[in-house]
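These are my notebook entries on a single protein model. I worked from the overall picture to selected helices and residues.

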Amino acid sequence: MKAPPLLVSYSDVGQYLSALSEREIAQYGHEIESLVQRNLPPVVTVQCLATLFGYSTKFVMAMYSQSWRYYRRFEIRKGTKQRTITAPKVALKVIQKWLAHHLSVELAFNKNVYGFVPNLSAIDAAAAHCGARWVYTVDIENFFSSTPQNLVYEALQRVGYSERAADLLAALCCFKGYLSQGAPSSPALSNLVFAPLDEELSAYASQHGLSYTRYADDIVLSGKSEVVTGLREYVKGLIERNGWHVSEKKEKLYIRPHGLKVHGLIISGKSPRLTKAYRNRIRAYRHLIKKLQVREEDRARLLGHITYAESIEGYAMRNSAIGEE
């Protein structure tokens, strides 16, 4: 499902404003025009949002005041664990996808943020750590569902939304007071919320000559000299002081000659590369597909793995070509 244009079905801001009441234009016209000039979704009131999407004001008010009613819950399996997904129903999902798309495209995130940022990937994040002597990785436990609505509200105000507009958007994008695991708006909004910590961690990394990246809830710091004294205490303390929790099982510090991996990729060379075990799996998948020995229900999954492996290989080839220039 593609995200609607900034003004949805209106050709320009003048046409959009003309669809509003005189009172709304007088009160909110300047605020709407200011947001449009910055290419940010021009949502300032329930009435304005209803007009943009052709929904009734009563319907949008219901989504705002009782957003939990417009989600469905289901379980998915991830490895050996079950994960609860709270996914918005279509009308709310359209709004969330529209908001997320335009925020992601228009706002500038910290240069060390790679998750949910156009044209960047986990491969790019891993590449930032190539050649490191050690790697420290931290995973935030239940990142979306532990990010509270009040922090989303504050983050939206930081990028230019009024208190009224930030309250409306935060309510529409949260499920029972927290970001939803299944909402298309959660990735972009989590980047907004975490922005102050990205700045602090980037400054810390720069001060100590380290590399820092964040891909969603995966935080990685690495260095080419000795491990910084107090590294773990600083990173965990910063995260937990701000209301999140570090997954104890996924907090790791690896030092050479131990094999160093970031996002499942080996980073000992000039470019990230697949592990030997994964390369063997890919060879087996290609053989099975070539011999037509794959069940139809498994074919898409195996092709997904092959495509991912090819993207890693392509990344390494491009980097090699650049190095030879």
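The entries below record what I looked up, in the order of my notes.

**Entry 1. Overall picture**

I note at the outset that this is a predicted model. I looked up the secondary structure and found 12 helices and 10 strands. Along the principal axes, the C-alpha atoms fill a box of roughly 70 × 55 × 45 Å. The protein has 325 residues, and I recorded 46% of them as buried. I then turned to contacts between residues at least 6 apart in sequence; 68% of these join residues at least 24 apart.

**Entry 2. Helix α3 against helix α4**

Two packed helices are described by the angle between their axes and the distance between the axes. I therefore looked up both values for α3 (residues 46-53) and α4 (residues 57-65): the axes come within 9 Å and cross at roughly 120 degrees. An angle of 65 to 115 degrees would count as roughly perpendicular, so I entered α3 as oblique to α4. I recorded the crossing of these two helices as right-handed.

Which residues meet here? On the α3 side I listed Val 46, Gln 47, Leu 49 and Ala 50, and on the α4 side Thr 57, Val 60, Met 61 and Tyr 64. Sorted by class, the contact of α3 with α4 holds six nonpolar residues, two polar ones and no charged ones.

**Entry 3. Ala 50 in α3**

I took up Ala 50 separately, a residue of helix α3. Is Ala 50 buried or exposed? Its relative accessibility is 3%, and because buried means under 20%, I entered Ala 50 as buried. Setting aside neighbours within four places in sequence, I found Ala 50 in contact with Tyr 55, Ser 56, Thr 57 and Val 60. I also looked up Gln 66, which is 16 residues from Ala 50 along the chain; their C-alpha atoms are separated by 16 Å.

**Entry 4. Helix α3 against helix α5**

I next examined α3 with helix α5 (residues 90-106), and found an angle of about 95 degrees with the axes 12 Å apart. I therefore recorded α3 and α5 as roughly perpendicular to each other. Leu 49, Leu 52 and Phe 53 of α3 make this contact with Val 94, Ile 95 and Trp 98 of α5. The class count for α3 with α5 is six nonpolar, no polar and no charged residues. I note that Leu 49 is listed in the contact with α4 and in the contact with α5.

**Entry 5. Ser 180**

I located Ser 180 in the loop between β5 (178-179) and α9 (186-208). With a relative accessible area of 1%, Ser 180 is buried. What does the side chain of Ser 180 reach at 2.4 Å? I found the backbone oxygen of Thr 86 at that distance. A polar atom of the Ser 180 side chain also lies 3.1 Å from the backbone nitrogen of Gly 182. Not counting residues up to four places away in sequence, Ser 180 touches Tyr 71, Thr 86, Phe 144, Cys 173, Phe 175 and Ser 186.

**Entry 6. Ser 222**

I placed Ser 222 in strand β7 (residues 218-223). Ser 222 is buried at a relative accessible area of 2%. I recorded a polar contact of 2.7 Å between the side chains of Ser 222 and His 129. Beyond four places in sequence, the contacts of Ser 222 are His 129, Ala 132, Trp 134, Val 135, Leu 210 and Ser 211. I also looked up Tyr 254, which stands 32 residues from Ser 222 in sequence and 9.4 Å from it in space, C-alpha to C-alpha.

**Entry 7. Backbone geometry**

Where is the cis peptide bond that I looked up? The bond joins Arg 256 and Pro 257, with omega about 15 degrees. I found Pro 257 in the loop between β8 (252-255) and β9 (261-262).

I then noted positive phi values at residues other than glycine. Asn 39 has a phi of about 60 degrees, and lies in the loop between α2 (22-37) and α3. At 38% relative accessibility, I entered Asn 39 as partly exposed. His 263 has a phi of about 55 degrees, and lies in the loop between β9 and β10 (265-266). At 23% relative accessibility, His 263 also counts as partly exposed.

Technical notes. Residues numbered from 1 in each chain as written. Predicted model: local features only at pLDDT ≥ 70, side-chain atom pairs only at ≥ 80, totals over all residues. Heavy atoms only, no water. Helix = DSSP H or I, 4+ residues; strand = E, 2+ residues; numbered from the N terminus. Buried < 20%, exposed > 50% of the residue type's maximum accessible area, 1.4 Å probe, protein only. Polar contact = N/O pair within 3.5 Å; in protein donor to acceptor, adjacent residues only side chain to side chain. Contact = heavy atoms within 4.5 Å. Axes fitted to C-alpha atoms, helices over the stretch in contact; angles between N-to-C directions. Parallel < 35°, antiparallel > 145°, perpendicular 65-115°, else oblique. Left-handed = near helix turned anticlockwise from the far one by under 90°. Nonpolar A, V, L, I, M, F, W, Y, C, P; charged D, E, K, R; others polar.
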